[in-house]
Amino acid sequence: MGLRHLARRGVSPATRTLAGLPGGIVTRRRGRGSEPDDVRLWSEGDDRRHIDRNATARTGVLHVRTHHDERDRAVVLLADFRPSMLFGTRRALRSVAAAEALTLLGWRVVGDGGRVGLAVGSAGEPAAIRPAGGERAMTAVTGALALAHARALAAPDIADPPLDALLSVAQSLLPSGGHLVIASALDAPGPDFDHLLTVLAERLSIRLLLVSDAFERGRPPGFYPFATPDGRRGTVQAARAAHPGADERLAGYAQRGIEGLRLDVEAGPEAYAPLMERLDAVL
């Protein structure tokens, strides 16, 4: 809830997309729309039917009322709180960074008249909230994120369940042409995850926030101590990371039509806000 002030920066009518309803083609619809937008001075060529009588009577100068199309923008935020996300070496856990970015995006969407829903995956059963609009919807989303994260921290440390089931839950919440935003490090997503994601991209607009910890991007080789929740301690030798980096993984998904961006855990909400503003503009 405390991030709301960051999300409201820069929100204006200019951020509205041109499409009237969710879909793959962005076009400007004909007509004046039904939602009041602004009152301005009369200009040559304006339709007399759009004269605002109240403003004209009050000022003695002709004013017209402008309108914009009402659009139904449904966005589902998918938060990965599985055990592998409960890790971080700078500032916060990866799961916290994912929740911060999704919350910033959610406040922007409802501030522009859209609807926001939520799907959360952890070691237990997925949680879901159907898309709704307004401050009440985001209050429910932030509360559900906080509760799900607390339960994830209290859960036993087990292997990550695959993300396939969470994708299916998110799909059930959205109409065709809706928007799905996934915040995850995509550790052990499951053997069917990439195929299912590609299939869903044919009917949904999917954006990926790939969460990246500084230790993953620049891990120096050496010996590292560890401790597990059951009390076991030891030391493990780690070499430089051999798996593809976050940028390479994002490039691979972009080739399949799934755009995304890297979310650096150490950056913090102040740095996430302009990224979410850019993402909001293309949803």
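Contact here means heavy atoms within 4.5 Å. Keep that cut-off in mind for the tour. The model is predicted.

**Stop 1: confidence**

Colour the chain by pLDDT. The average is 85, and 86% of the residues score at least 70. Now select residues 10-32, where the pLDDT is below 50. Where pLDDT is low, the predicted coordinates should not be read in detail.

**Stop 2: helix α4**

Select residues 134-154, which form helix α4. Check its length. At 1.5 Å a residue, its 21 residues should span 30 Å, and the end C-alpha atoms are 31 Å apart, which agrees.

Which residues of α4 are buried? Show Ala 137, Met 138, Val 141, Thr 142, Leu 145, Ala 148, His 149 and Ala 152. Look down the axis of α4: these buried residues fall within an arc of 135°, so they line one face of the helix. Arg 136, Ala 146, Arg 151 and Ala 154 are exposed on the other side.

What does the buried face pack against? Add β3 (74-80), α3, β4 (115-121) and β5 (127-133): the buried residues of α4 pack against these elements.

**Stop 3: the nonpolar cores**

Select Leu 77, Phe 81, Leu 105, Val 181, Leu 209 and Met 276. They have the most contacts inside the largest nonpolar core, a set of 40 residues. Helix α3 (residues 94-111) supplies the largest share of this core, 10 residues.

Zoom in on Leu 209. Beyond its neighbours up to four places away in sequence, Leu 209 touches nine residues' worth of surroundings, including Ala 101, Leu 102, Val 181 and Met 276. Then find Leu 173, Leu 186, Ala 246 and Ile 258, which belong to a second, separate core of 24 residues.

**Stop 4: a loop glycine**

Go to Gly 190, in the loop between β6 (179-184) and α6 (193-200). Its C-alpha atom is separated by 4.5 Å from that of Pro 162, although the two are 28 residues apart along the chain.

**Stop 5: salt bridges**

The whole structure holds 16 salt bridges. Start with Glu 135 and Arg 4, whose side chains meet at 3.3 Å, N to O. This pair links helix α4 to helix α1 (residues 4-7), 131 residues apart.

Next, select Arg 73 and Asp 280, a salt bridge at 2.8 Å, N to O. The two are 207 residues apart: Arg 73 is in the loop between β2 (63-68) and β3, Asp 280 in helix α9 (residues 269-282). Are they buried or exposed? Arg 73 counts as buried at 3% relative accessibility, and Asp 280 is buried at 1%.

Finish with Arg 217, Asp 247, Arg 262, Asp 264 and Glu 266, joined into one network by salt bridges that share partners.

Methods. Residues numbered from 1 in each chain as written. Predicted model: local features only at pLDDT ≥ 70, side-chain atom pairs only at ≥ 80, totals over all residues. Heavy atoms only, no water. pLDDT = per-residue confidence, 0-100. Core = buried A, V, L, I, M, F, W, Y, C linked by side-chain atoms within 4.5 Å. Buried < 20%, exposed > 50% of the residue type's maximum accessible area, 1.4 Å probe, protein only. Helix = DSSP H or I, 4+ residues; strand = E, 2+ residues; numbered from the N terminus. Expected span 1.5 Å × (residues − 1). Arc of directions from axis to C-beta. Salt bridge = Lys/Arg side-chain N within 4 Å of Asp/Glu carboxyl O.
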